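Reader: I'd like a close look at one part of this protein, the second largest pocket. Could you walk me through what surrounds that space, and then show me a bit of the rest?

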Amino acid sequence: MAASMGRWLLFFLALLSFFWEAFRGFGWGASLDDDLLLPYSRLRARSARDCARARVGSREHESWPPSPATPGASGAAVRTFVSYFAGRAVAGHLTRATEPLRTFSVLEPGGPGGCASRRRATVEETARPAGCSVAQNGGFFRMSTGECLGNVVSDGRRVSSAGGLQNAQFGIRRDGTMVTGYLSEEEVLDTENPFVQLLSGVVWLIRNGSVYINESQAAECDETQETGPFSKFVNVISARTAIGHDQKGQLMLFHVDGQTEQRGINLWEMAEFLLKQDVVNAINLDGGGSATFVLNGTLASYPSDHCQDNMWRCPRSVSTVVCVHEPRCQPPDCSGHGTCVEGHCQCTGHFWRGAACDKLDCGPSNCSQHGLCTETGCRCEAGWTGSNCSEACTNGSFGEDCAKKCQCQNGAACDPAQGTCTCPPGFTGDTCVQECPLGWHGPGCQRPCRCEHQCPCDPQTGNCNLTQAPTLNSILSQVKQCLQPSKVTLQTAEFSLLTGAVVNVSLLWGSRAERSRHLDGAYVYHQLQEMNGELQATEKEQLGDTRSPFKD
């Protein structure tokens, strides 16, 4: 008996759809908007949202990660049913869509700009140009003005804001994560992983596999509405729609025909039905006369609003529409770095990667941590080169692309990035051309010599044995100072002016030839006989009053 009634009901719906298409131009007129099912009172002139605003912070919601794509499984699967609820036969549709990031969209009424212009359009009028294979009415709207209520994000464009007022939300983020529940304004505006689709409903039906209606009534305010208190909105039978997802991460759309207080189901019955279909999270969308189901651009549901001619029923002009379509790229332009082919982005260039072609990838080495990956490859930091920036500058080069030549001398190391010189022991200066001054040695000439009698040392090693430095050894031998102990024994008194003698001997020896050119032919050089520099009496008489050319 039940099966027979179901077949007759389906036949009647199909026949009605046929006559609607055949005679829609006969002037039946628009819907009278007479089957109203509003969650909040028109007299309060408030949106279908919570009383309190939540600007920042985290609100209660559930996030479901995207499921891996299944080859050949994209698209919508529609099941038509006639089920019994408390003895009432109810007809409806359950739609599942795989890869919702690429196959689902929230549409503005009549196309882009519909919310801004407060436009209203039937689901058919919105769905056909958008290429929807399955479409239903979406979120709530203000009947008198057509204003879209709550948050609405359509294909990445935020076209309506709830301003932080709370209501049950359903959305999909850029990475495919599905979000169900309550959101603060801060969470809606997140830019790190923004919403690409988002709409508001009223009542969070199922949360994480459990009925959540009682909690929703408390969270969304128990306000009165046109047909009675908020509890009546929950408990009255009527046409209903819902959106959510199942355990497999498939998008779920639900629709049943009805008429407020006469036919249809209440929210409790809808939630229990959805749980039996393995739905994990779901919210209630607009119902009553707004409930509409369109299949391949054609009305496939039984509207509850009367037409201008009261004999017939007409679909209502509504606000937003939820749409399942053939796979599309997200974003449609593949971030400007690829081409959309059958719903998948094919990235251009050699280095753009990711489902949206929005990530640069220069290979496993990631430019060896010495460069930046760009769309033309690795851009190496100064001092590094190679296709993956793994090679330091060599052959005396430095800087970007190793294009500059180092000026370091005496075997000094050249910094590959800045070109600065690291001098070897015994040398100093910007280019390491200067030897350490007498009495100093080692790296940077920072170490004092530790030789006996304050004698100088080897500038590189600090060795006090100067046999390996013949020039310096020859100079010092003239003053009988700082020789090897095996060759000369110095008297104690001869060390009193050692430091001054060592410094002055080098100056004297280097300037001897230059000074001799300024003396007359009678000049005779007299060696110093004593360490204190005084001449013998006979030498003083020979020189007379003539001034020494070496006296400064």
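Author: Sure, and keep in mind that this is a predicted model. The second largest pocket has 31 residues in its lining, and those that lie nearest its centre are Pro66, Leu101, Arg102, Asp175 and Ala355. Its volume comes to about 620 Å³. Helix H2 (100-103) and strand S22 (344-347) are the elements that give two or more residues to this lining. H2 gives the most, with three residues.

Now for the rest, starting with a helix. In H3 (residues 123-130), the buried residues are Val123, Glu124, Thr126, Ala127 and Ala130. If you look down the axis of H3, they fall within an arc of 165 degrees, so they line one face of the helix. Just after H3 comes Gly131, with a positive phi of about 75 degrees.

Then there's the sheet. It's an open one, built from seven strands with antiparallel pairing, and the order is S2-S3-S16-S15-S17-S11-S12. Strands S2 (76-85) and S12 (210-211) sit at the edges with a single partner strand each, so each has one side without a neighbour in the sheet. Further in, S15 (residues 240-246) and S16 (residues 251-256) run antiparallel and are joined by six bridges. In that pair, Gly244 stands opposite Met252 of S16. Helix H7 (residues 267-276) packs on this sheet, and the strands it touches are S2, S3, S11, S12, S15, S16 and S17. The direction of H7 makes about 30 degrees with that of S11.

Key
Residues numbered from 1 in each chain as written. Predicted model: local features only at pLDDT ≥ 70, side-chain atom pairs only at ≥ 80, totals over all residues. Heavy atoms only, no water. Pairing = 2+ DSSP bridges. Helix = DSSP H or I, 4+ residues; strand = E, 2+ residues; numbered from the N terminus. Contact = heavy atoms within 4.5 Å. Axes fitted to C-alpha atoms, helices over the stretch in contact; angles between N-to-C directions. Buried < 20%, exposed > 50% of the residue type's maximum accessible area, 1.4 Å probe, protein only. Arc of directions from axis to C-beta. 1 Å grid on protein atoms, 1.4 Å probe; cavity = no way out; pocket = protein on both sides within 12 Å on 5 of 7 lines; lining within 4 Å. Points joined across faces, edges and corners; volume = space filled by probe spheres on them.
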